[in-house]
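Dear colleague,

Please find below the structure that I am handing over to you. My findings follow it, beginning with the ligand site.

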Amino acid sequence: MKRFLTGLQPSGALHIGNYFGALKPFVDQYRSYESFLMVVDYHALTSLKDPAALRENILSATKDYLAAGVDPEQVTLFQQSQVQEHTELAWILECLVTVPFLELSHAYKDKLAKGLEANAGLFNYPMLMAADILLYDTDIVPVGADQRQHVEYAREAAAKFNNTYELLFKEPQGLIQETVATVPGTDGKKMSKSYKNTIPLFGSRDDIAQAVMSIVTDSSGERPEHVYAIHSLFKDAPALDALYEVHRGKYKALKEALIEDVDALVAPMREKRASISDADVVRVLAEGSARAKEKAGAKMQAVRKAIGVVL
Ligand code: AMP
Ligand code: TRP
């Protein structure tokens with residue numbers, strides 16, 4: 001069975017763009033593979049230095065995935081920082097790649113352009129991610145289009161290691177979710193926390209209603225395009241066209257119908273999420289991390305031998 005692995009950033013409340021772009025594709029596919037899902041808390045450390053917030057985000061991100069349908073019996077769900085082999089392998093890979101090579105990172109350049117501090121961790125980020133992937137002989141890495149270059153970095157790092165020492169690492173394939181269109185926000189731009197145009201995934205019905213009511217409508221046409229665009233995630237075209245025909249020009253009724261449809265998706269997940277305690281998360285992550293560590297530990301022992309530190 002092919003190995004399928006991805007990392008999720010513990011970075012706060014999710015919106016329905018994250019659901020359709022990342023959670024749902026993972027949940028729909030992971031059972032067809034031997035799967036690994038890792039909370040990348042050490043990657044988060046490149047930008048987050050508030051211990052209480054980091055702890056809260058790790059708990060919260062794990063609950064989100066569990067509530068969205070990840071079954072920890074069927075996927076190794078683990079916490080990156082509990083498997084020290086990740087930072088150990090990252091160091092070895094960093095000694096194989098050059099500074100100019102890492103300077104080509106779009107993600108790094110974008111973050112600098114946004115005024116983020118250029119700490120050395122941010123610069124080395126692609127090698128920690130390469131270690132995440134390579135330690136498990138991963139075949140397939142499902143990621144958003146913004147992560148394409150990072151998967152390339154992992155392939156290059158594997159090739160460098162294999163050429164320098166011995167053939168130990170598989171070169172992974174990125175699985176870019178091309179079919180998932182960018183989910184638009186309440187203003188029609190890409191839904192994103194930084195644009196404040198989101199519909200929260202685990203919000204209360206009131207939160208959802210408030211976000212939907214704030215969708216910008218253009219009074220010139222008969223169909224509110226931004227409402228329709230978000231609605232098309234929840235209903236197929238014939239059902240949607242019939243609904244928009246019945247309520248032609250009645251924006252409030254259409255928004256109310258959208259609130260119903262969003263809430264029908266969200267309510268069961270919201271209930272499931274509320275039933276998961278912090279202690280549940282701690283237990284699930286400890287069990288998953290122990291399973292991951294078994295695999296990563298064996299791989300790292302082969303790496304240590306290959307590089308000449310085992311006497
Ligand atoms: P972010 O926290 O913005 O990096 O989002 C995490 C993941 O959610 C991304 O890798 C995307 O796959 C997905 N995502 C975020 N925003 C959207 C959106 N508006 N439409 C579709 N997918 C999204
Ligand atoms: N860099 C990824 C992101 O920001 C998260 C990540 C870390 C990851 N390690 C990974 C994704 C390994 C896939 C595989 O979304």
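Which atom of ligand 2 lies 3.3 Å from a polar side-chain atom of Gln9? In this predicted model, the partner of the Gln9 side chain is an oxygen atom of ligand 2. Two further polar pairs involve nitrogen: a polar side-chain atom of Tyr125 lies 2.7 Å from a nitrogen atom of ligand 2, and an N or O atom in the side chain of Asp132 is 2.7 Å from a nitrogen atom of the ligand. On its own, ligand 2 has 360 Å² of accessible area, of which the protein covers 90%.

The shell around ligand 2 draws two or more residues from each of β1 (3-8), α7 (120-134) and β4 (140-143). Helix α7 gives the largest share, with four residues. In total, 14 residues surround the ligand, and the closest are Gly7, Tyr125, Met129, Asp132 and Gln147. By class, eight of the shell residues are nonpolar, five are polar and one is charged.

Turning to the protein as a whole, it contains 13 helices and five strands. The radius of gyration is 21 Å, which agrees with the value near 19 Å for a compact globule of 311 residues. Along the principal axes, the C-alpha atoms fill a box of roughly 75 × 40 × 40 Å. Of the 311 residues, 47% are buried. Among contacts between residues at least 6 apart in sequence, 78% join residues at least 24 apart. The protein exposes about 15,100 Å², and carbon and sulfur atoms supply 53% of that area.

With kind regards

Technical notes:
Residues are numbered from 1 along each chain as its sequence is written. Chains are lettered from A and ligands numbered from 1 in the order in which they are written. This is a predicted model: local features need pLDDT of at least 70, side-chain atom pairs count only at pLDDT 80 or more; totals for chains, interfaces and linings use all residues. Side-chain values use heavy atoms; hydrogens and water are left out. A residue is near a molecule or strand if one of its heavy atoms lies within 4 Å of it. A polar contact is a pair of N or O atoms within 3.5 Å; within protein, one must be able to donate a hydrogen and the other to accept it, and residues adjacent in sequence count only if both atoms are side-chain atoms. Accessible areas come from the Shrake-Rupley method with a 1.4 Å probe; for residues, only the protein chains shown count as cover. Ala, Val, Leu, Ile, Met, Phe, Trp, Tyr, Cys and Pro count as nonpolar, Asp, Glu, Lys and Arg as charged, and the others, Gly among them, as polar. The radius of gyration is taken over C-alpha atoms; the globule rule is 2.2 Å times the number of residues to the power 0.38. Buried means under 20% relative accessible area, exposed over 50%, partly exposed in between (1.4 Å probe, protein chains only). Contact means heavy atoms within 4.5 Å.
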